[in-house]
Amino acid sequence: MNLDKSLKEFTDDLKNDERVKAYREIANKIENDEAKKKMIQDFRQIQFEAYKDKMDNNEVSENTKKKLENLVGIISLNPDVQDFLKKEEEFSILFDTIMNSINQAIGIDIIGS
């Protein structure tokens with residue numbers, strides 16, 4: 001088997017996968033809208049704050065919870081941002097599956113799947 005040929009076929013399949021195309025399409029739409037891009041950046045920042053709170057204090061602070069709730073409320077009013085976050089999650093699941101398959105193929109179990 002020619003690995004280079006298989007890789008080319010895989011990347012072509014990946015590029016044409018409906019989940020990837022949908023993610024790429026909404027990502028391009030978001031990229032061209034500064035307000036939506038800022039909303040996603042703010043969401044990620046608050047997610048990081050919540051993660052840091054949880055790691056440092058074993059719980060998320062009330063302040064961080066309120067910020068997250070407020071931003072989720074705003075995001076719920078924006079279908080494009082909601083769609084982006086949903087498509088991003090779907091792509092992340094696909095990417096995780098790909099990485100697990102590669103790890104299994106080469107005999108490495110880094111993430112304990």
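Let's start in the middle of things: the buried residues of helix 5 are covered by a set of neighbours that includes helix 1 (3-16), helix 2 (18-31), helix 3 and helix 4 (62-75). Keep in mind that you're looking at a predicted model. Which residues of helix 5 are buried? They are D80, V81, F84, L85, K87, E88, L94, I98, N100 and N103.

Now take helix 5 itself. It has 28 residues and reaches 41 Å from its first C-alpha to its last, close to the 40 Å expected at 1.5 Å a residue.

Next, pick one of those covering neighbours, helix 3. Two packed helices are described by the angle between their axes and the distance between the axes. Here, helix 3 (residues 34-57) and helix 5 (residues 79-106) pack at an angle of about 50°, and their axes are 10 Å apart. An angle of that kind falls outside the ranges for roughly parallel, perpendicular or antiparallel, so the two helices are oblique to each other. The crossing of helix 3 past helix 5 is right-handed. On the helix 3 side, the contact is made by K36, M39, I40, F43 and R44, while helix 5 brings in D80, V81, F84, L85 and E88. Sorted by class, that contact has 6 nonpolar residues, 4 charged ones and no polar ones.

Finally, step back to the loop between helix 4 and helix 5, where you'll find S76. Is S76 buried, exposed or partly exposed? With a relative accessible area of 40%, S76 is partly exposed, because that value lies between the 20% and 50% cut-offs. From S76 to I106 you travel 30 residues in sequence and 42 Å in space, C-alpha to C-alpha.

Note on methods:
Residues are numbered from 1 along each chain as its sequence is written. This is a predicted model: local features need pLDDT of at least 70, side-chain atom pairs count only at pLDDT 80 or more; totals for chains, interfaces and linings use all residues. Side-chain values use heavy atoms; hydrogens and water are left out. Axes are lines fitted to C-alpha atoms, for helices over the stretch in contact, and angles run from 0 to 180 degrees between N-to-C directions. Helices (H or I, at least four residues) and strands (E, at least two) are DSSP runs, numbered from the N terminus. Angles under 35 degrees count as roughly parallel, over 145 as roughly antiparallel, 65 to 115 as roughly perpendicular and the rest as oblique. A crossing is left-handed if the near helix is turned anticlockwise from the far one by less than a right angle, and right-handed if clockwise. Contact means heavy atoms within 4.5 Å. Ala, Val, Leu, Ile, Met, Phe, Trp, Tyr, Cys and Pro count as nonpolar, Asp, Glu, Lys and Arg as charged, and the others, Gly among them, as polar. The expected span of a helix is 1.5 Å times one less than its number of residues. Buried means under 20% relative accessible area, exposed over 50%, partly exposed in between (1.4 Å probe, protein chains only).
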